[in-house]
Each structure stands twice: as structure tokens, then as C-alpha cells.
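Please take the sequence and the three-dimensional structure together, and follow the description below from the overall form of one chain down to its strands, its domains and its contact with a partner.

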Amino acid sequence: MPQLVVKDLSINFGGITALVNVSFQVEKGEIFSIIGPNGAGKTTIFNCINRIYTPHRGTILFQDQDLLRYKPFEVSKLGIARAFQNIALFENMTVLENLLLGRHHRMKSGVMAGGIFWGKAKREELSHRKRVEEIIDFLEIEAYRYQIVKTLPYGIQKRVELARALCMDPFLLLLDEPVSGMNVEETEDTARFILDINEELGTTIVLVEHDMRVVMDVSDRICVLNFGEKIAEGRPQEIRNDPLVIRAYLGK
Amino acid sequence: MINGNFKTNYEDEIKIFQTTFVKFWLVILFVGLIIFPLVADRYFIYLCNLCGIAIIGALGLNILTGYTGQISLGHAGFLAIGGYTSAILSTKLGIPFWLAMPLSGIMAAMAGMIVAIPSLRLKGLYIAITTFAFGFIVDHLIIHWESMTNGPSGITAPRPSLGVFVFDSDKSYYFIIIVMVILATGFARNLFRSRVGRALIAIRDRDIAAEIIGINLTKYKIQAFSISSFYAGIAGSLMAHYFDVITFENFTLMLSIQYLAMIIVGGVGSILGSIYGAIFITLLPELIRLLTDLFRQEYPSLTTRFADLKSVTFGLIIIIFLIFGPKGLYGVWRDIKVYWKNWPFTY
């Protein structure tokens, strides 16, 4: 059973057509990459899955459930997490608080329980802290736990954002340019983390990325978009040699 | 970083009062607060009571504006609803203060939920405008709904009583206020070390990211408004039973701006900041009065210009803080603390 089915997705903004009949399937446990030149509609697909946008046509099924029936905040409950292209951390909070926010939808205490704190809220804080610490260990950000996010270097912020997404215990992880703006070492680290997440946690990953080395190395399958249309899909080796893809990227 | 303060479990980390040093001073403060009214002058107790009421109101505004990022210019409106609900319930229906106070909080909270509805679609300055309008609507209601509010002449609410004991002196009322301040501060502090508080801060910092990690913006914005106005309602109720009479003049736009000034001066998004700011802004007119009295001999005209001086200084202080200390008194205090901790090293 495919984890994510995107079928005939179309959306336009004003006169601009962002996506035209895009269809693809992501199998469970796969690393699926979406590539394409700037403005091809890659992030728009993510925004449709997250329900920030409502597509004009088409369907998105996640584990056989119609995502279009849900509101943006409900999508995370189904098990979809996302790391943004431009870091979208809560920058005035510590790393730890950001990660605990990743646990938000799995926690329950409300205003009264929180205000009284002793009892339910405290128990919940402590039990979820355990999972957060596991993720901190997994992504090797122990040293930054108590730091305010905006004081951290860019590469670390990117990793914290990945950690926040993982704290949501997702089935499906959407990564929007996880290595953009990183140096070679940070890029390699991140690529390794992506593979680790996929193998050890069994998370299905959809990746949008411009760094072709990373895409070719980690992806199981790749889908190529150009001006909102899908022009190719297949294994990295097939994509590398696809004449349409070469034309989209290099021009004729 | 405090040397030698090592934690061995997660529970120690989420404690509010981390060291015995802090706990020691807290006990000192607490004892001081209890002894204070027994030795202090009646006037000082009166000022202290005003500060206490302001702290509760400022905490409420900071929850909404400082932590959740929804700028409110209508805080006085919520205080008015709290104050008038409490006064009307106790005079017209004879409901005791102990019931009227929480009810007035709830009433204000319900008004807050209604005001929250436009905020779900608006952001920033536009919310400031809707809350601003709300303040005027409440003012207008108070003046013209005479059968309920006595119109411009105001209402006199009775002092609370417990059995035969009536809290009619400043000293006895002080204890009611101090208990409410401690409860309000504790609740707010706890809120922001748990799930809901974090969600509110997340909405302030990045609302779209907050929504994607599963925070229901609608629900939490409404909650922020209702918690904030609950606080304001309680503060209003305490005002109503403390002052000899409350009229619409107690709850004008100026009061909303004073509360904004409190959180700006004290520290936006900080519990301690709300307390510092509330005390500072409440005592500011007294300080100005003290200074004008000091120079009365040389400049006799100063006394007559007290009102002007008050509003000028008020504006000046807000501007000074916005430019030189945007983190407020709390930020200044923290910077000094860090400086001395590291002295003579720079880091």
C-alpha cells in the first residue's frame, strides 16, 4: 500500500499555473525526491500536503485518508511532519522548548492543568522529555539543548528544525531543501542523518532539494517537475540520463 | 550559568526556583510582604494595593500581547467588564465578593472570546484597532446603560466580608490582593512552562509553522484572549471593591495605554517583567509628585502643571524604553546579573 498518493494535483495563483495534473506515489519506507528548477512547484506540493494551500483539482491520499478533508493543524496528527526551506523555528525559545513543541499534538494538558502544573501537566512534561532527549541524542545536538535558537549557527538551526519534525514521531517526513546553504561537511552530515532516519526509524521521506549529489545519493526514486508539470519519474540512474530532465536543467 | 548547580534528573530542570539561594530570598520576600502592612503607613499600603491590582492586569495583558503577540488596546474594556460585573452582582443581587470576583473574571473572559473572533482573521495593527474599538464600545455601554450601571455617576461596590469581619481597611484588603497576586503569578508562570504556554509563544513567533506542527490557531488565540481578559476581570473586580466608587472614567483608553506601558517598560513576554512594569508605572506619578514637591519653593508653577508633567514623563519613558531597553526592566536586570556573574571576564 503506498503511503502517499498524489493524483492530478492542479493549483494556480491568479494567472500563474503552479501545478498541472501532477501525480505520484510514495511507497512506505521510501526516500522520494522531488527536484526541478526554481519555481517548478516543489514547495507548492508540500504546501498542498500541509493544507496551507487547497488545490483546485486533484486528490491527496495519506494512508488511504483524504488529506483535503483536514485542516492544517490536523495534518500533523495523522503523522506528517515538515522541515521548512527557510528555517521556521520559534527563535526566541530554547532548542528544548522547540522540540517539546514538536510533541505538542501528542500531549494533552490544557490551560487549567498547565496553570496548576503539579500533577498531570508535570507528569506529561517529564514523559515527553524522554522522547525529546532520544531525538537530541539521535541528531547529536546535546550541546545546544538550552540555547536560544536565534543565537545558534545556521547549520545547527537546520538540524534543530529536523529534530523538531522528528519529535512529532511522523510516518511521513517532508524535507524542504534540508541542505541548502550548508558547507560540504554539514551537507554530508545531513545526508547521513536522512539515511539514518529512514533506516532506523522507518520514516518515509519526501525530499525537495537542489543539491544533486545528495539527491542522487540518498533517493530511492526521483520525480522531476518543470513549470508545474511532471516531466520524469524514476530511479536516480534513469533520471540522470533522461533527455527531458537534462533539457530542463541545462537548456537546449 | 550557575556553577555547581548540576541536575541529575529532568524534574529538577523544570523547577521554577532552582537554587536554595533563590528559595531563601523568596521566603524573605514572603515574610516581608506579610510584615509590610503591619508596620507601613496607610498611604504606602494604598500604593501597594494599587500595584497589586496593576500586576494582575499587566500579567493578563502580557499573556495576550507579550506572549501571544496579539496587540490589545482594549485592556481597560476587560477591566471595566470585570469591575462592573462584580459591582452590579454584589449591589443588585447581593452576591458575596468571593463569588462575584470569579464570576467577573468569567464574564470578562467571555467578552474576550467574542473579541477574539475578529482576531482569528486579523494580524498585528488590525487587532490593535479592533480591541481599541472594543474599549470604546464598553465605555459607551457603561455611560448609556443607566439602569444597569448608574451611568456617569458610577457604582459603589461594598467591601468584601467574611462572616462578621469586613475587609474595610487598606490593610485588610492588602491581604486579599496579595493572595490574588501570588495565585495569578503562579498560574501564569506554570502556564508558560507547559504545553499551552509554549503553543502561545509559538503562535507569536511563527504562526504558520505553529499550525503545521499541530497547534490549532483558532483555539489557542481564543484561549489567549480569554485567559488575558480573565486576569483583567479579576483586576477590575478588585478595583471595584477597593475604590469608593467606580465610574467609566476609571477605564478609559488612557488605562489601556498605561497597561501597555507596563509591559513595555517591564518586559514584553516576561512574568517578572509584568510585575516590575506594573510597580514602576503605578509608582511613577508618585515619583513625579515627589519631585514637584521638592522644587516647589523654586518653581511654584510646577504643582499646577502636575497633570501635564505626568503625561509628558509617561510618554518619554515609553520612548526611552523602546529605544534603549526594548527588553524592559526585566532585560536590564538580567543583563546586570549576567555582567556581575562573569565579572571581570567578558564571557
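The paragraphs that follow move from the whole of chain A to its sheets, its domains and finally its contact with chain B. What is shown is a predicted model, and everything said below should be read with that in mind.

Chain A contains 10 helices and 10 strands, and its C-alpha trace extends over about 65 × 40 × 35 Å along the principal axes. The radius of gyration of chain A is 19 Å, which agrees with the value near 18 Å that a compact globule of 252 residues would have. Of the 252 residues in chain A, 44% are buried, and when the contacts in this chain with a separation of 6 or more are considered, 67% of them join residues that are 24 or more positions apart.

A good place to begin inside the chain is an open sheet of 4 strands, whose order in chain A is E2-E1-E4-E5 and whose pairing is antiparallel. Its edges are formed by strand E2 (16-27) and strand E5 (65-66) of chain A, each of which pairs on one side only. Within this sheet, strand E1 (residues 2-13) of chain A runs antiparallel to strand E4 (residues 57-62) of chain A, and 5 bridges join the two; the register can be followed at A:Leu4, which stands opposite A:Phe62 in E4(A). Helix H1 (residues 42-49) of chain A lies across E1, E2 and E4 of chain A, and its direction makes an angle of about 110° with E1(A). When tracing any of these strands, it helps to recall that in a regular strand the side chains alternate between the two faces of the sheet.

A further set of pairings involves strand E9 (residues 221-226) of chain A, which runs parallel to strand E3 (residues 31-35) of chain A and is joined to it by 4 bridges. One point of this pairing is A:Ile35, whose bridge partner in E9(A) is A:Val224. E9(A) also pairs with strand E10 (residues 229-234) of chain A, here in the antiparallel sense and over 5 bridges, with A:Ile222 standing opposite A:Gly234 in E10(A). The hairpin of E9(A) and E10(A) has 2 residues between the strands, and in this hairpin A:Phe227 takes a positive phi near 45°.

The domain assignment divides chain A into domain 1 (1-79 + 171-182 + 202-252) and domain 2 (90-169). The C-alpha centres of domain 1 of chain A and domain 2 of chain A are 28 Å apart, and their contact takes 6 residues from domain 1 and 7 residues from domain 2. On the side of domain 1 of chain A that touches domain 2 of chain A, the residues divide into 3 nonpolar, 2 polar and 1 charged.

Between the chains, the contact takes 33 residues from chain A and 27 residues from chain B. On the side of chain A that touches chain B, two or more residues each come from helix H2 (72-78), helix H3 (95-102), helix H4 (111-116) and helix H5 (120-138) of chain A. The residues on that side of chain A divide into 16 nonpolar, 10 polar and 7 charged.

In chain B, B:Lys7 is placed in the segment before helix H1 (10-13) of chain B. B:Lys7 counts as exposed because it has 11 C-beta neighbours inside 10 Å, where 12 or fewer is the cut-off for an exposed residue. Leaving aside residues up to four places away in sequence, B:Lys7 touches B:Asp12 and B:Glu13, and its C-alpha atom is separated by 9.8 Å from that of B:Gln18, 11 residues apart along the chain.

Key: Residues are numbered from 1 along each chain as its sequence is written. Chains are lettered from A and ligands numbered from 1 in the order in which they are written. This is a predicted model: local features need pLDDT of at least 70, side-chain atom pairs count only at pLDDT 80 or more; totals for chains, interfaces and linings use all residues. A residue is buried if 20 or more other C-beta atoms lie within 10 Å of its own, exposed if 12 or fewer, and partly exposed in between; C-beta atoms are placed from the backbone. Two residues are in contact if their C-beta atoms, placed from the backbone, lie within 7 Å. The radius of gyration is taken over C-alpha atoms; the globule rule is 2.2 Å times the number of residues to the power 0.38. Ala, Val, Leu, Ile, Met, Phe, Trp, Tyr, Cys and Pro count as nonpolar, Asp, Glu, Lys and Arg as charged, and the others, Gly among them, as polar. Domain bounds come from an automatic or database domain assignment. Two strands pair if DSSP finds at least two bridges between them. Axes are lines fitted to C-alpha atoms, for helices over the stretch in contact, and angles run from 0 to 180 degrees between N-to-C directions.
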